[in-house]
Amino acid sequence: MKKLILGILISLLFSSCYEGNYTFSVKITGNQQTYIVSYFDNKGMWNEQVTVQNGFTIYNEYNDNWKLDLIAFGDSIHVSVFKRYSLIKEFSGRDTLELHETIKY
């Protein structure tokens with residue numbers, strides 16, 4: 001019984017953390033093993049020309065519209081934007097992909 005009550009409390013606490021907020025993730029994929037990207041992280045810091053693995057994911061939480069700023073270099077770049085787990089936008093580029101998008105929550 002204690003485990004059941006504890007499980008319910010933990011799930012309520014976890015869900016309330018996201019009340020009014022939206023979790024976004026950006027996944028970078030393509031034909032190359034690595035990509036060079038510049039992007040804003042979840043603390044609002046600009047990361048300049050970071051080498052990342054294919055499948056790299058950036059996570060952010062917002063309770064308002066989200067401005068996605070991302071520049072990626074590499075052959076055949078695909079960027080997928082998810083809201084929680086639902087795909088909401090996709091972008092593709094050949095050699096360079098520069099995004100300055102406002103994502104509606």
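Which residue takes a positive phi in the hairpin of E6 and E7? In this predicted model, that residue is Arg84, with a phi near 55°. Two residues lie between the strands of the hairpin.

**Overall composition**

One helix and eight strands make up the secondary structure of the chain. The helix comes at the N-terminal end of the order, and the strands follow it, giving α-β-β-β-β-β-β-β-β. The chain has 105 residues, of which 30% count as buried. Its exposed surface is about 7,100 Å², and 55% of that area is supplied by carbon and sulfur atoms. When contacts between residues at least 6 apart in sequence are considered, 57% of them join residues at least 24 apart.

**Pairing around E6**

Strand E6 covers residues 77-83 and pairs with both E1 and E7. The two pairings are set out below.

| Strand pair | Residue ranges | Sense | Bridges |
|---|---|---|---|
| E1 and E6 | residues 22-30 and residues 77-83 | antiparallel | seven |
| E6 and E7 | residues 77-83 and residues 86-93 | antiparallel | seven |

Individual residues can be placed within each pairing. On the E1 side, Val26 stands opposite Val81 of E6. On the E7 side, Ser80 has Glu90 as its bridge partner. In a regular strand, side chains alternate between the two faces of the sheet.

Arg84, with its positive phi, belongs to the hairpin of E6 and E7, the two strands that are joined in the antiparallel sense over seven bridges.

Terms used:
Residues numbered from 1 in each chain as written. Predicted model: local features only at pLDDT ≥ 70, side-chain atom pairs only at ≥ 80, totals over all residues. Heavy atoms only, no water. Pairing = 2+ DSSP bridges. Helix = DSSP H or I, 4+ residues; strand = E, 2+ residues; numbered from the N terminus. Buried < 20%, exposed > 50% of the residue type's maximum accessible area, 1.4 Å probe, protein only. Contact = heavy atoms within 4.5 Å. Areas by Shrake-Rupley, 256 points an atom, 1.4 Å probe, with all protein chains shown as cover.
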